[in-house]
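Me: I'd like a close look at a single part of this structure, explained in plain words. Could you then walk me on from there to a few other spots?

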Amino acid sequence: MESTSTTRRAVMPQRSDGPENSTPHPARSSHCERVVPPHWHTGHLTIRPGNARAAERLLRSVVPAPATYPALLHAARVLLHNGAPDRTATWCGKLRSQARTPSWATAFRTLRSEALLQLGDLITAEHEAAAAQDAMGTRPASLWLWLAAVRGEVLLAQGRYEEAAAHLDRPAPESGWSGVPWLRAQGRLHLAEGRHQDALDVFSAAARLARRHGTGRLPHLPWRSDIAEALLCSGRGGQARALLIEELAVPALGPRHRAVALRLLATTDTPGRRLRTLARAVDEARRCKDRIELARVMADYAQALDALGDAAGAVFLERATDLAADCGLASYGLQYAG
């Protein structure tokens with residue numbers, strides 16, 4: 001296995017627009033409109049990842065049409081990245097019903113499933129992803145990989161590991177940047193199954209793709225937190241901490257990714273610092289309306305209180321357990337997982 005310094009050099013991202021981020025050539029359309037295939041990594045020239053207001057303005061002002069679908073999908077993703085999963089789910093529901101092609105209807109439905117997952121509505125999120133898979137089959141491959149990843153993540157959160165494995169436990173796809181969500185979901189499957197080295201290998205592969213194809217036009221990909229999570233599960237806390245400190249220094253980090261990084265960082269803190277770090281994670285989880293992440297952070301907060309001999313830990317654990325049950329979150333979901 002690579003050393004930490006080697007791993008970090010191998011996956012260090014660089015801002016570059018790879019060929020898969022370039023604008024695809026238009027397909028023929030009976031309406032003489034420009035039609036492009038959907039990708040999870042659809043970007044936009046003017047809306048930056050942190051500009052939620054610009055994203056909302058675009059969603060309100062642009063008429064849904066084949067030529068505008070990529071910009072609308074990107075704007076909805078920017079909302080999700082900036083802590084608005086409720087508005088993302090609402091917009092994607094409207095756009096799905098208005099989409100003129102099955103593939104773009106599936107793309108909006110897939111992003112809606114992501115937003116519902118963040119909101120802790122696992123039942124509806126799984127329904128959306130399953131319905132989209134039934135309608136689309138396996139083509140186009142770039143869209144199928146994203147959809148399979150989202151459904152796999154939802155199934156994992158519910159503790160349905162065998163079903164998740166049916167979508168994720170197979171050889172890595174040769175699809176470059178389009179396969180990144182699938183790789184990240186596969187890494188989470190490996191963690192759930194206790195296959196920590198396999199998870200580290202897969203997360204590192206996704207991070208190398210981030211270096212090759214990443215662009216500042218897209219919401220941040222938290223590859224450092226992914227790798228750190230696998231390192232923590234392997235007992236390599238010092239290496240994980242270094243990556244998490246780097247992650248928290250990234251300006252484009254959204255509130256959800258910040259909450260995850262803080263929760264993981266807290267496991268490497270001294271007992272006295274752990275509560276302060278977890279309190280920050282709670283604030284970020286609430287800010288982005290991520291009920292699942294909030295349940296995880298509160299469970300860790302309860303454990304930290306208990307370690308200090310504070311009887312309030314039992315109260316926080318009860319709240320975390322109730323919230324997890326309300327979301328349909330499996331017991332594994334209250335452990336590491338971002």
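Reply: Lys-289 is partly exposed, because its relative accessible area is 34% and anything from 20% to 50% falls between buried and exposed. Keep in mind that this is a predicted model. You'll find Lys-289 in the loop that links helix H14 (271–287) with helix H15 (291–307). Now look at the backbone: the phi of Lys-289 is positive, near 60 degrees, and this residue isn't a glycine. Here's some background on that: most residues other than glycine have a negative phi.

For a contrast in exposure, hop over to Trp-182. Its relative accessibility is 1%, so Trp-182 counts as buried, the cut-off being under 20%. Trp-182 belongs to helix H9, which covers residues 180–192. Along the chain, Trp-182 and His-167 are 15 residues apart, and 9.2 Å separates their C-alpha atoms.

Last stop, a pair of helices. The axes of H5 (residues 102–119) and H6 (residues 122–136) come within 8 Å and cross at roughly 160 degrees. Angles over 145 degrees count as roughly antiparallel, so that is the label H5 and H6 get. The crossing of these two helices, H5 and H6, is left-handed. Who's touching whom? On the H5 side the contact includes Pro-102, Thr-106, Arg-109 and Leu-116, while the H6 side includes Leu-122, His-127, Glu-128 and Met-136. Sort the residues of this H5–H6 contact by type and you get nine nonpolar, five polar and three charged.

Terms used
Residues numbered from 1 in each chain as written. Predicted model: local features only at pLDDT ≥ 70, side-chain atom pairs only at ≥ 80, totals over all residues. Heavy atoms only, no water. Helix = DSSP H or I, 4+ residues; strand = E, 2+ residues; numbered from the N terminus. Buried < 20%, exposed > 50% of the residue type's maximum accessible area, 1.4 Å probe, protein only. Axes fitted to C-alpha atoms, helices over the stretch in contact; angles between N-to-C directions. Parallel < 35°, antiparallel > 145°, perpendicular 65-115°, else oblique. Left-handed = near helix turned anticlockwise from the far one by under 90°. Contact = heavy atoms within 4.5 Å. Nonpolar A, V, L, I, M, F, W, Y, C, P; charged D, E, K, R; others polar.
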